[in-house]
Every structure is written in structure tokens, then in C-alpha cells.
Amino acid sequence: VDDYSGSSRLLAATTLRNILGTRNLGDILSERESIAKEMQELMLEATEAWGVTVERVEVKDVRVPEQLMRAMAAEAEAARNARAKVIAAEGEHKASRALRQAAEVIM
């Protein structure tokens with residue numbers, strides 16, 4: 001590697017994209033320290049062969065592209081809808097049990 005600084009920046013950008021791709025928006029916004037630690041470990045492993053030591057990685061600000069925010073919001077809404085359907089189905093199941101028990105008492 002001829003340009004350690006440039007190569008380190010490219011590696012940092014790629015590593016950050018890979019890490020963020022495995023997390024949801026809430027985790028990204030709330031777990032900056034763990035993201036930075038994971039980045040440091042991965043970068044240290046990759047740059048060791050270059051004779052470069054990554055001493056610190058800090059994630060200062062997270063700016064999520066608008067398109068990604070929309071996709072994550074749609075995913076969150078789908079998850080909320082799925083939970084609502086499960087709750088509604090459980091309620092209907094309990095209601096049908098109660099009706100069955102009431103019918104048995106009447107007979």
C-alpha cells in the first residue's frame with residue numbers, strides 16, 4: 001500500500017457501510033460507541049499487514065440517506081402491522097374461547 005491515509009479512509013468507509021448494513025435505524029442512532037469499537041477491531045485487523053495501527057475510531061454523526069430512511073420506516077411499519085395482527089388474532093382467539101365456555105354453561 002502506497003497511500004496509507006487514503007487507503008485507511010477507503011477501508012473506513014467500506015467497513016462502516018458493511019456494519020451499518022446489518023443494523024436497523026434505531027441501533028445505528030443509539031449504538032455509535034459499539035459501531036466505533038467494531039470498526040476499530042475490523043480496521044486494525046486489516047491494516048496490521050500494512051504496518052499501520054488504528055488507535056481510535058469515533059463515529060461523530062450519523063446521516064442516513066432519505067431513501068434509506070424511507071425504506072427503514074416502511075420496514076418498521078410492516079413490523080408494527082404484523083404485531084397488531086398477532087395481537088388482534090390473540091384477542092379473537094380468547095373471545096372465541098370465552099364464547100365456547102359460555103355456551104357450555106348455558107347448555
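This is a short tutorial dialogue on reading the fold, one helix pair and two loop residues in a predicted model.

Student: Let's begin with the overall fold. How many helices and strands are there in the protein?

Tutor: A good start is to list the secondary structure elements and then read their order. Here the protein has four helices and zero strands, and along the sequence they give the pattern α-α-α-α.

Student: What does the radius of gyration of the protein say beside the globule rule?

Tutor: The idea is to set the computed value against what the rule gives for the chain length. For 107 residues the globule rule gives 13 Å, while the radius of gyration is 25 Å, well over that, so the protein is more spread out than a compact globule. The span of the C-alpha trace along the principal axes can be read beside it: about 85 × 25 × 20 Å.

Student: What percentage of the 107 residues is buried?

Tutor: Buried residues make up 15% of the 107. You can also look at sequence separation: of the contacts with a separation of 6 or more, 48% are between residues 24 or more positions apart.

Student: Now a helix pair. At what angle do the axes of α1 and α3 cross?

Tutor: For a pair, read the approach, the angle and the handedness in turn. The axes of α1 (residues 4-20) and α3 (residues 32-47) come within 10 Å and cross at roughly 135°. The two helices are therefore oblique to each other. The crossing of α1 past α3 is right-handed.

Student: Which residues make that contact?

Tutor: From α1 come S8, L11, A12, T15, L16, I19 and L20. From α3 come I35, E38, M39, L42, M43, A46 and T47. Sorted by class, the contact has ten nonpolar residues, three polar and one charged.

Student: Let me try a loop residue. Is R23 buried or exposed?

Tutor: Relative accessibility settles that, with buried meaning under 20%. R23 lies in the loop between α1 and α2, and its value of 19% means that R23 counts as buried. Beyond its neighbours within four places in sequence, R23 is in contact with I28, E31, S34, I35, E38 and M72. For a C-alpha distance, take R23 and E41: they are 18 residues apart along the chain and separated by 17 Å.

Student: And where is N24 found?

Tutor: N24 is also in the loop between α1 and α2 (25-30). N24 counts as partly exposed because its relative accessibility is 41%. Here sequence and space can be read side by side: N24 and A73 are 49 residues apart in sequence, with a C-alpha to C-alpha distance of 9.9 Å.

Definitions and conventions:
Residues are numbered from 1 along each chain as its sequence is written. This is a predicted model: local features need pLDDT of at least 70, side-chain atom pairs count only at pLDDT 80 or more; totals for chains, interfaces and linings use all residues. Side-chain values use heavy atoms; hydrogens and water are left out. Axes are lines fitted to C-alpha atoms, for helices over the stretch in contact, and angles run from 0 to 180 degrees between N-to-C directions. Angles under 35 degrees count as roughly parallel, over 145 as roughly antiparallel, 65 to 115 as roughly perpendicular and the rest as oblique. A crossing is left-handed if the near helix is turned anticlockwise from the far one by less than a right angle, and right-handed if clockwise. Contact means heavy atoms within 4.5 Å. Ala, Val, Leu, Ile, Met, Phe, Trp, Tyr, Cys and Pro count as nonpolar, Asp, Glu, Lys and Arg as charged, and the others, Gly among them, as polar. The radius of gyration is taken over C-alpha atoms; the globule rule is 2.2 Å times the number of residues to the power 0.38. Buried means under 20% relative accessible area, exposed over 50%, partly exposed in between (1.4 Å probe, protein chains only).
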